[in-house]
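I opened the notebook to look up where the aromatic and nonpolar side chains sit, and I keep my notes here in the order in which I checked them.

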Amino acid sequence: MSVRLQTWAPCEIQIALNGREWLRRMLDKAGAKHVMSGNKLLDAEDFELAQKLLDSQLDTMWAEALAGFLADVFPSMGALLGEEMSCTWTLWQSEWAKDYIFKDPQTLSAHMGGILRHAFITGTSDRVLRCMGRPVREGGQPHWAADPELLSRVSLWHDGARI
């Protein structure tokens with residue numbers, strides 16, 4: 001999780017929360033064995049529990065949870081703005097990830113051709129540039145200011161394939 005406080009009015013606070021890290025901590029707290037690699041859950045002793053913990057994120061009372069961080073990230077709010085001042089929380093940007101875990105490599109390999117083909121075809125340069133926050137011209141071509149060097153290829157690695 002990271003928090004960014006704008007130091008001028010209207011004193012916006014941006015919070016970035018990693019749901020997978022949240023899951024890791026919840027699994028740790030539950031004492032459930034699991035294997036993580038970076039931001040990826042590779043294995044879990046109890047996938048049903050992991051799914052229930054993930055589902056519980058949807059039941060979070062966000063205004064209350066975020067208000068709990070306010071005193072830590074903006075302790076002088078009351079002194080600067082008055083004790084009657086409160087926050088309104090707005091969702092500015094949200095990302096939803098969908099992960100699939102296969103029981104064995106053979107089950108996954110039956111789907112890999114289609115997955116790689118889809119990623120290669122739909123991962124066009126204009127989409128990559130937009131994802132990286134770089135300018136794109138109206139027709140989808142890279143803008144001269146984007147300074148792009150984009151290559152499309154499929155690479156095989158020790159742990160799988162990468163687009």
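**Surface aromatics and nonpolar cores**

I began with F69, which counts as partly exposed because its relative accessibility is 31%. I bear in mind throughout that this is a predicted model. Looking up its place, I found F69 in helix α3.

I then asked which residues form a nonpolar patch on the surface. I noted M1, V3, L17, W62 and F69, which together have about 430 Å² of accessible area.

*Entry on the aromatic pair.* I looked for aromatic pairs and found that the structure holds one. W22 and W62 form this pair, which is edge-to-face, with 5.7 Å from centre to centre and 90° between the planes. The pair links distant parts of the chain, since W22 belongs to helix α1 (residues 19–30) and W62 to helix α3 (residues 62–73), 40 residues apart.

I also wanted to know how exposed the two partners are. W22, at a relative accessible area of 22%, is partly exposed, and because the limit for buried is under 20%, I do not record W22 as buried. W62 counts as partly exposed as well, with a relative accessibility of 38%. I wrote beside this that W62 also belongs to the nonpolar surface patch, together with F69.

*Entry on the cores.* Which residues make up the largest nonpolar core? I listed seven: L23, M26, L27, A32, L41, A50 and L53. Helices α1 and α2 (47–57) each supply at least two residues of this core, and the largest share, three residues, comes from α1. I followed L23 further and, leaving out residues up to four places away in sequence, found that L23 touches L41, A50, L53, L54 and Q57. Another core, of five residues, lies apart from the largest one, and I noted C11, I13, F74 and M77 among its members. As a general remark, I added that in soluble globular proteins nonpolar side chains tend to be buried together.

*Entry on Y100.* Where is Y100 found? I located Y100 in the loop between α4 (77–81) and α5 (105–122). Is Y100 buried or exposed? I recorded Y100 as exposed, because its relative accessible area is 61% and exposed begins over 50%. Finally, I checked Y100 against L41, which is a member of the largest nonpolar core: the C-alpha atoms of Y100 and L41 are separated by 9.9 Å, while the two residues are 59 residues apart along the chain.

Key:
Residues numbered from 1 in each chain as written. Predicted model: local features only at pLDDT ≥ 70, side-chain atom pairs only at ≥ 80, totals over all residues. Heavy atoms only, no water. Phe/Tyr/Trp six-rings, centres within 6.5 Å; stacked < 30°, edge-to-face > 60°. Helix = DSSP H or I, 4+ residues; strand = E, 2+ residues; numbered from the N terminus. Buried < 20%, exposed > 50% of the residue type's maximum accessible area, 1.4 Å probe, protein only. Patch = residues over 30% accessible without salt bridge, like charges linked within 9 Å, V, L, I, M, F, W, Y side chains within 5 Å. Areas by Shrake-Rupley, 256 points an atom, 1.4 Å probe, with all protein chains shown as cover. Salt bridge = Lys/Arg side-chain N within 4 Å of Asp/Glu carboxyl O. Core = buried A, V, L, I, M, F, W, Y, C linked by side-chain atoms within 4.5 Å. Contact = heavy atoms within 4.5 Å.
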